[in-house]
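Visitor: I am new to this structure and should like to understand the terms used to describe it. Would you show it to me and explain how each description is reached?

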Amino acid sequence: MGRRRGEALEAAILEAAWDELSERGYANLTFDSVACRAGTSKPVLYRRWADKQKLVEAAVVRRNVVQSTAPADTGSLRGDLIATLTELSEKQGPFLTQLSLLLADYFTEAGSSFAELRETIVAGRRSGRDEIMERAVARGELDPARLTPRIASLPFDLLRAETMMTLRPVAPEVIEEIVDTIFLPLVRRKDTAPH
């Protein structure tokens with residue numbers, strides 16, 4: 001195998017960091033263990049990341065990007081939300097649960113929260129949630145004046161909370177309840193609301 005450089009080397013290091021995190025947890029992950037697993041040296045890691053926190057953040061961001069879910073485009077807001085939330089529940093649910101358990105020591109050491117880490121994960125990337133909402137506005141399905149950032153994130157926040165509480169994929173009927181009973185009544189245009 002030739003010498004890896006640039007993106008190939010960085011990908012190998014971040015994959016090694018994720019594997020170390022998954023197997024050993026944050027407290028037991030070291031630059032030595034990641035360098036050994038990646039087949040490189042500690043100085044190579046230190047040239048890219050100042051400390052263990054930054055390395056782990058980069059590994060989590062990469063893992064999330066690799067496993068990211070494209071928003072569904074079914075032709076309706078309800079359909080898009082149910083399909084996207086279902087896929088997120090099945091794919092991202094286990095990831096979020098695993099992440100929260102693996103990073104307990106990280107949050108303590110960094111003095112940060114899951115919300116702050118999420119901001120790092122999504123920084124600079126277009127949100128699938130925003131894409132779904134923009135399509136729904138264009139189709140006239142929701143009232144943009146009623147769509148605050150908090151309300152737009154509500155179905156996704158509720159899905160995440162349910163996943164964290166149950167530690168398993170969210171049931172289809174719960175996803176439908178989140179969409180039909182909680183979210184849609186908040187954003188539907190008054191002139192298109194069902195009677």
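Guide: The following exchange takes up several descriptive terms in turn. Please bear in mind that this is a predicted model.

Visitor: What makes up the chain in terms of helices and strands?

Guide: The chain has ten helices and zero strands. Its C-alpha atoms fill a box of roughly 65 × 30 × 30 Å along the principal axes. Of its 195 residues, 38% count as buried.

Visitor: Why are H5 and H8 called roughly antiparallel to each other?

Guide: The axes of helix H5 (residues 77-102) and helix H8 (residues 128-138) cross at roughly 165°. Angles over 145 degrees count as roughly antiparallel, and H5 and H8 are therefore roughly antiparallel to each other. Their axes come within 9 Å, and the crossing is right-handed.

Visitor: Which residues make the contact between H5 and H8?

Guide: H5 contributes Leu77, Asp80, Leu81 and Thr84, while H8 contributes Ile132, Met133, Arg135 and Ala136. By class, the residues of this contact are five nonpolar, one polar and two charged.

Visitor: What makes H1 oblique to H2?

Guide: The axes of H1 and H2 cross at roughly 125° and come within 8 Å. Roughly perpendicular covers 65 to 115 degrees, and roughly antiparallel begins over 145. The angle of roughly 125° belongs to neither range, and that makes H1 oblique to H2. The crossing of H1 with H2 is right-handed.

Visitor: Which residues of H1 and H2 make their contact?

Guide: On the H1 side they are Ala12, Ile13, Ala16, Ala17, Asp19, Glu20, Glu23 and Arg24, and on the H2 side Ser33, Val34, Arg37 and Ala38. This contact has six nonpolar, one polar and five charged residues.

Visitor: Which residues of H2 are buried, and what covers them?

Guide: Buried means under 20% relative accessible area. In helix H2 (residues 31-38), Phe31, Ser33, Val34, Ala35 and Ala38 are buried. Their cover includes helix H1 (6-24), helix H3 (42-48) and helix H4 (52-66). Just after H2, Gly39 takes a positive phi of about 70°.

Visitor: Which residues does UniProt list for "DNA-binding region"?

Guide: The unreviewed UniProt entry lists residues 30-49 under that name. In the model, this span is 75% helix and 0% strand, and its end C-alpha atoms lie 13 Å apart.

Visitor: What share of the contacts with a separation of 6 or more joins residues 24 or more positions apart?

Guide: Such residues account for 70% of those contacts in the chain.

Conventions: Residues numbered from 1 in each chain as written. Predicted model: local features only at pLDDT ≥ 70, side-chain atom pairs only at ≥ 80, totals over all residues. Heavy atoms only, no water. Axes fitted to C-alpha atoms, helices over the stretch in contact; angles between N-to-C directions. Helix = DSSP H or I, 4+ residues; strand = E, 2+ residues; numbered from the N terminus. Parallel < 35°, antiparallel > 145°, perpendicular 65-115°, else oblique. Left-handed = near helix turned anticlockwise from the far one by under 90°. Contact = heavy atoms within 4.5 Å. Nonpolar A, V, L, I, M, F, W, Y, C, P; charged D, E, K, R; others polar. UniProt positions renumbered as here; feature names shortened; annotations may be inferred. Buried < 20%, exposed > 50% of the residue type's maximum accessible area, 1.4 Å probe, protein only.
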